[in-house]
Structure formats: C-alpha cells, structure tokens
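New to this one? Take a moment to turn the model around on your screen, and then we'll walk through it together.

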Amino acid sequence: MNLYKYVCPFFLIGILVGCQSGIAEQGIIHHEVGEAQNELQYEDHYIVNLTYPKVNIETVDTEIQKVLGIYKEAYLQKVSSYREEEKAELNISYQSYQKESRYLSIKLNVFEHLLDTHEEVRTINYDQKSEQFIHIDDILEKGGLAQVSKLAKAHFLVNAPDECNSNQFKIAIAPVKNNFDTFVLRKDAIVFYFPSGTLFDYATSFEITYDKLADFTNLSQEEATVFVPYDDVLNEPVKNIDPNKPMVALTFDDGPTRKYTGAILDALQEHQASATFFILGSRANNAPDLLQRMVLEGNEIGNHTFSHKQLTTLSKVSIEEEINQTQEFIHNITNKYPNIIRPPYGSKNDAVMQCAQGKKLVTWTIDTQDWKHRNAETIVNMVINDIEDGDIILMHDLYASSAEAAIIMIPKLQDMGFQLVTVSELYAYGKNEAGKIM
Ligand code: ZN
C-alpha cells in the first residue's frame with residue numbers, strides 16, 4: 001500500500017487561515033524534518049513540556065536550543081514565586097518543513113500559562129546551500145514584500161472586514177520586513193504568522209502559494225504531501241479473549257514517534273498482544289502509517305488532545321478544539337473515532353468532563369513514571385511487582401527505555417497469565433472500569 005500521495009495544492013488553500021497557532025492542517029504532514037525530542041519536568045507547582053526536532057545540522061540544533069533556553073529561563077524565573085493550586089505550564093511544540101531539499105523551516109508554538117495565558121509562534125528558517133539562517137527578504141526579490149502585503153491585505157479585507165480599519169492593522173500589514181518575517185516555507189505555500197497584538201487582538205495566519213509570487217521568487221510550486229486514508233477494515237484481527245482469565249491494558253501516551261512506537265508495535269504483533277496508544281493530534285499526521293498499523297493489528301487509539309496542554313487551564317472552546325481536532329485527525333487517518341480520552345497529566349474539571357461528550361475519560365492504575373526513570377529494568381520491575389487483574393499501565397512511546405521495557409514486559413506478563421488487551425476491551429469484559437474518571 002502506498003500510503004502517501006500528492007494532491008492538487010489548490011484543495012488545501014485557505015484551510016489554515018484563521019486557525020490558532022498550535023493547530024495544524026489536517027491531511028498535511030507537518031513534521032517533515034528532524035527526529036522529535038521531548039523534555040518533561042513535572043513539579044509540584046509547574047510543568048515544562050518541550051517537544052522540538054533534532055535536525056542534525058549543528059547550527060540549527062544550537063539555534064533551537066538557544067530559543068528554547070530563553071523561554072525556559074524566563075519561565076523558571078517566573079515560576080520560582082508561583083504558588084497557585086493550578087500548575088503553571090510551559091508547553092512548546094513544533095512543526096517542521098523542507099522545501100526543495102534546500103530550505104528548512106521550523107515553527108515553535110509557545111504556550112505559557114501562569115496567572116495568564118500567553119501564546120506565541122517563533123520560526124527558524126535555514127538555507128542548507130548557503131548554510132545561513134534566512135529572512136523573508138532573502139527569498140523575495142524587489143517588490144515581493146509589497147506583493148505579499150497586498151495579497152494579505154486583500155485576504156483580510158474579505159475575511160475580517162470590520163477589523164481592518166484600525167491603525168494597528170495598517171501598521172502591521174505594511175510591506176516592512178519585520179511584519180512578514182515570521183513564516184515557514186511549506187512545499188506548496190509560504191505561511192505567515194501574525195501574533196495577537198499585531199494585525200488583530202488574536203493570532204492569525206495567512207498563506208500564499210508560490211505561483212502567486214512567481215515574479216518575485218525562484219521558489220516553485222510543489223504539491224503538499226498527504227496520506228491515503230485507511231480502508232483495510234476487512235483485515236482487522238478477530239480477538240480471542242477469555243473473560244475468565246486475568247487481563248491488563250498497556251497504554252502508551254504522547255506518541256506516535258517513528259522509532260519507539262514502531263518497536264512497540266513489533267513486539268505486540270510478535271506476541272499477539274494488544275495495547276492502547278493515547279496519541280497527540282499534533283503528531284498523528286506525521287506517522288499516519290503507524291496509526292493505520294495500530295488499528296490493523298488490533299490495538300486501540302485513544303485521544304490525548306492536540307497539543308498536550310493542561311485542559312483545566314483552557315476555556316471550554318479551547319478544550320473542545322483540543323479534543324475535537326484530534327478526533328477528526330484520527331478519524332481522517334484510521335476511519336475510526338476514538339471512544340476514550342486521556343487528559344494530559346490526568347487533569348480534569350467539570351468543563352473537561354462536559355467537553356468529553358460521552359467518551360470515557362481514562363487515567364491509569366499503575367504509573368511507571370518512565371519519563372523520569374528512563375531505565376527499562378526499573379520500569380519492568382515496577383509493573384511486574386505490582387500488577388493485578390484489571391490494571392491500566394501508563395507508559396510513553398517517547399523514550400528508548402520505555403520501548404525496551406515494553407519489549408521485555410509483553411512476553412513476561414503473558415507468562416504470568418495476563419492477557420494484554422486494549423482499554424475498551426478491559427471495560428467490555430467487565431473489569432471494574434479501572435482508571436476511569438467518574
Ligand atoms: Zn501525556
């Protein structure tokens with residue numbers, strides 16, 4: 001099955017416009033470059049959760065670290081005196097693109113919650129040929145910026161007519177380099193980002209396909225890479241679960257990641273075991289083949305929100321967006337809507353419960369704290385020594401040690417007499433709804 005195909009880019013024009021900074025376009029692969037890295041600190045009063053790419057170009061990786069370091073340092077300074085009940089949070093996620101095997105674009109989505117919520121976008125653009133970071137005037141010839149400004153203005157006059165009379169708008173839409181220097185080079189279009197407080201009081205974005213800038217740039221139109229939807233339903237396995245024998249559910253959060261999710265799926269398949277993957281909507285598109293494989297091999301996919309923010313700090317509209325976007329992404333790829341949600345950090349309140357709309361909110365009964373231990377033996381022993389019928393085990397398919405632990409644990413648990421089933425199967429076979437948030 002050839003999973004990826006190319007579509008006419010014109011279908012995709014306009015999808016992004018008006019979206020929030022952290023929400024990406026359905027169907028388009030948006031981790032084109034680099035291996036995803038994750039850094040998590042989960043403390044009494046605050047959380048730091050950074051996801052970023054390692055692209056193996058020293059200058060670029062150093063720049064990414066520098067940018068992350070600036071945000072982290074400023075945030076840690078602020079949280080040192082922060083003592084609210086709600087944990088403070090710094091959440092940085094990314095998108096990355098490659099254009100004409102020459103340009104790399106990395107977009108960092110910064111979300112900070114202390115007493116207030118603050119969001120911003122940072123972009124890093126790099127030319128592998130000249131080995132330089134680039135700005136918008138490096139890819140547009142004379143008159144190009146004026147053309148971009150003109151197209152952007154025309155777009156917003158149609159889409160936000162009431163808000164285009166302000167001085168703020170007039171200043172921020174003017175053909176000045178700094179106004180248009182937060183951008184990424186996607187295969188089919190340049191996407192510009194405007195933080196809140198620039199064009200409008202909210203963040204927005206605008207994209208231009210290269211053909212509309214043909215007189216001003218050498219970059220040419222390529223088609224965006226998208227994936228083929230899942231249609232292999234007939235080959236999904238029929239399960240043979242004995243309701244009278246003990247069963248437990250392994251769960252893996254925050255993926256998928258190409259390296260570790262693949263290794264875990266291999267081990268599950270080898271031992272005819274199932275697990276549940278609580279995936280992030282922001283990562284789904286980047287490994288549609290892994291999601292389709294999960295379903296095809298009898299595993300379950302749960303919704304772990306789009307960008308892994310503490311839902312309890314968000315408005316109801318934002319919570320819905322986090323959940324529903326992810327539902328749609330997963331459905332788009334696998335033809336199935338998840339029935340279960342695991343809120344990041346297990347954080348929930350009434351608003352979260354309402355937004356779940358009948359889907360089960362699931363936490364866990366054994367927390368391996370694999371993100372902290374980073375040691376396979378420790379993780380395996382924690383589970384083996386503690387496990388009982390009906391348990392739900394929390395791990396993450398983000399780390400080598402977790403994948404290693406899963407590979408050891410899967411046959412070991414089966415030898416101990418446990419059937420490895422999905423969370424929904426655990427519930428269906430009447431195991432007291434372990435880990436369910438009531
Ligand atoms: Zn998580």
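We'll begin with the whole protein, then move to the metal site, and finish with a helix and a single leucine.

Keep in mind from the start that this is a predicted model. What is it built from? The protein has 13 helices and 19 strands. Along its principal axes, the C-alpha atoms fill a box of roughly 75 × 55 × 40 Å. A compact globule of 438 residues would have a radius of gyration near 22 Å, and the protein comes in at 23 Å, so the two agree.

Now think about inside and outside. Of the 438 residues, 55% count as buried. On the outside, the protein exposes about 19,000 Å², and carbon and sulfur atoms supply 47% of that. The chain also meets itself across long stretches of sequence: among contacts with a separation of 6 or more, 72% come from residues 24 or more positions apart. As for charge, there are 38 positive and 62 negative ones, yet their mean positions are just 3 Å apart.

Next, find the zinc ion. Which residues hold it? Asp254 (OD), His304 (NE2) and His308 (NE2) coordinate the zinc ion at 2.1 Å. Read along the chain, these donors follow the spacing D-x49-H-x3-H. Asp254 sits in the loop between strand E12 (247-253) and helix H5 (258-270), while His304 sits in the loop between strand E14 (300-303) and helix H8 (316-334), so this pair ties together parts that are 50 residues apart in sequence.

Are those two donors buried or exposed? Asp254 has 6% relative accessibility, so it counts as buried. His304 has 2% relative accessibility, so it is buried as well.

Let's step back along the chain to helix H7, which covers residues 288-296. Seven of its nine residues are buried, so H7 is largely enclosed by the rest of the structure. The buried ones are Pro288, Leu290, Leu291, Gln292, Arg293, Met294 and Val295. After H7 comes Gly298, whose phi is positive, near 85°.

Last stop: Leu361, which you'll find in strand E16 (residues 360-361). Its relative accessible area is 4%, and because buried means under 20%, Leu361 belongs with the buried residues. How far is Leu361 from Arg122? In sequence they are 239 residues apart, and in space their C-alpha atoms are 33 Å apart.

Terms used: Residues numbered from 1 in each chain as written. Predicted model: local features only at pLDDT ≥ 70, side-chain atom pairs only at ≥ 80, totals over all residues. Heavy atoms only, no water. Helix = DSSP H or I, 4+ residues; strand = E, 2+ residues; numbered from the N terminus. Rg over C-alpha atoms; globule rule 2.2 N^0.38 Å. Buried < 20%, exposed > 50% of the residue type's maximum accessible area, 1.4 Å probe, protein only. Contact = heavy atoms within 4.5 Å. Areas by Shrake-Rupley, 256 points an atom, 1.4 Å probe, with all protein chains shown as cover. Lys, Arg positive; Asp, Glu negative; His and termini not counted. Charge placed at Lys NZ, Arg CZ, Asp CG, Glu CD. Donors = N, O, S within 2.8 Å, 3.2 Å for Na, K, Ca; no water.
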